[in-house]
Amino acid sequence: MRIDALDVYYLKNQLLKPWVTAYGKDDATYTIMVRMTSGSETAWSEASPLMAPMYSPEFAQGVYIVVTQFLAPMIVGRSFDSAVEINEAMSAIKGNPFAKSAIEIAWWTLESKRRGVPLHVLLGGSDQEVATGADFGIQESIDTLLALIDEAIKEGYPRIKLKAKPGWDLNMLQAVRSTFPDFTFHIDCNSGYSLADLELFRQIDRFHLAMIEQPLFHADVRDHAKLQASIETPICLDESITSVRVAREAIELGACKFINIKPGRVGGLLPALQINTICREAGIGCWVGGMLETAIGVGICIELATIGNMVYPSDLLPSSFFYEEELSLDRIVHSGPGRMKPSSKPGNGYVPDPQRLQARTLATIHLGG
């Protein structure tokens, strides 16, 4: 497939309410959209690293620059017959997985459209529904959180993720577990702690959580291995897993028992598939994470969540959770309680509405013919 052109967009999408985590607060998402063209066919991708380099070293405006100034010249006007080839073409650029994913995922969606088969077919997945969980950021009060949890359980979510940070951990968990003694919860720490907090994590063991997600430094696997050896609750790595190489090292060290796979964070869909294979062979469970994407990005993540070894309900949330008005005219909705259905369409299940795209675009560029 020859890549004739790329249209790259830097967007701001206003959230319904602020998303608060250990690393800060987001009132809006800043995201990169890529429309890839080959002949008469086009398809879309989304990379959503957020506005500031607080979740990871990458940030949306930086991703826009890397894609447009460095990666696009390596891609436009060339032909790539496999995901391996397009990943190799970008390999001279060190790191920058979100930027690489913006192009790599567009190749997958365009190849899906050209072949006339849904994306999950190319990925080796299925058309079966996938399980999804509910997520709640740090709230103004524990009572507010408990009310949200109660509503989510009534809606049929099979598990709930709770954001945690120093000062919003033990007391919060005590209130949650005493109110909902048998429900499946896990916490996401977003790198907010260190090994100096070992005793706190030993106390967390008594709450019988499904996992503790990314408790320590965002680029670490060695301290996580020490922590996992010292506590009973499984550790799940998120921010730390930025490549197939790091995933392999984390597993070899015993740093985790789960890995959250975000295609943007690991560099695209081929690295996501490769990490999942390594995990399956090692007995490590996976699930798909989210980055507050619009329907375009969430739709792609639903397709990925259909592959094997996705053993835990993924972070795939309906449009109404984050956005009053979606970027796409089609909104992400549940197909059943805590369930989502992959698209049967070749290419993208969801595409940007041109008027909404134009209204939210902070910068854009056309590259190629």
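## Sheets, pockets and cavities of a predicted model

Seven bridges connect strand 2 (residues 24-38) with strand 3, and the two strands run antiparallel. Strands and helices here are DSSP runs numbered from the N terminus, with at least two residues for a strand (E) and at least four for a helix (H or I); two strands count as paired if DSSP finds at least two bridges between them. The structure is a predicted model, in which local features need pLDDT of at least 70 and side-chain atom pairs count only at pLDDT 80 or more, while totals for chains, interfaces and linings use all residues. Residues are numbered from 1 along each chain as its sequence is written, and side-chain values use heavy atoms, with hydrogens and water left out.

**The antiparallel sheet**

Within the pairing of strands 2 and 3, Val34 has Ser45 of strand 3 as its bridge partner. Both strands belong to an open sheet of four strands in the order 3-2-1-13, with antiparallel pairing. Its edges are strand 3 (41-47) and strand 13 (361-368), each of which pairs on one side only. On average, neighbouring strands of this sheet are turned by 25° against each other, direction ignored. Angles run from 0 to 180 degrees between N-to-C directions, and the axes are lines fitted to C-alpha atoms, for helices over the stretch in contact.

Helix 1 (residues 60-75) packs on this sheet and touches strand 1 (5-21), strand 2 and strand 13; the direction of helix 1 makes about 165° with that of strand 1. Contact means heavy atoms within 4.5 Å. Helix 3 (residues 97-115) lies across strand 1, strand 2 and strand 3, and runs at about 145° to strand 3.

Met74 is a residue of helix 1. Leaving aside residues up to four places away in sequence, Met74 touches Phe80, Ala89, Met90, Ala92 and Ile93. The C-alpha atoms of Met74 and Ala92 are 9.6 Å apart, with a separation of 18 residues in sequence.

**The parallel sheet**

A further open sheet holds seven strands in the order 5-6-7-8-9-10-11, with parallel pairing. Strand 5 and strand 11 (285-288) are the edge strands, each pairing on one side only. Strand 8 (residues 212-213) and strand 9 (residues 235-237) run parallel and are joined by two bridges; Glu213 stands opposite Cys236 in strand 9. Helix 6 (residues 170-179) packs on the sheet, where it touches strand 6 (160-163) and strand 7, and its direction makes about 165° with that of strand 7.

**Positive phi angles**

Leu50 is not a glycine, yet it has a positive phi of about 80°. Leu50 is found in the loop between strand 3 and helix 1. With 3% relative accessibility, Leu50 counts as buried, a class that means under 20% relative accessible area, whereas exposed means over 50% and partly exposed lies in between (1.4 Å probe, protein chains only). Asn190 also has a positive phi, near 45°, and is placed in the loop between strand 7 (185-188) and helix 7 (198-204). Asn190 is buried, at a relative accessible area of 5%.

**Pockets and cavities**

The search uses a 1 Å grid over the protein atoms alone: a cavity is a set of points where a 1.4 Å probe fits but cannot get out, a pocket is an open set with protein on both sides within 12 Å along at least five of seven lines, and lining residues have an atom within 4 Å of a point. Grid points are joined across faces, edges and corners, and a volume is the space filled by probe spheres set on the points.

| Space | Volume |
|---|---|
| Largest pocket | about 490 Å³ |
| Second largest pocket | about 350 Å³ |
| Largest cavity | about 220 Å³ |
| Second largest cavity | about 100 Å³ |

The largest pocket is lined by 23 residues, of which Lys17, Asp135, Phe136, Leu148 and Phe321 are the closest to its centre. Strand 1 gives the most to this lining, with six residues. In the second largest pocket, the largest share of the lining, three residues, comes from helix 11.

Six cavities of 30 Å³ or more are found in the whole structure. Among the 19 residues that line the largest cavity, Trp19, Asp135, Gly290, Met291 and Leu292 lie nearest its centre. Helix 12 gives the most to the lining of the second largest cavity, with three residues.
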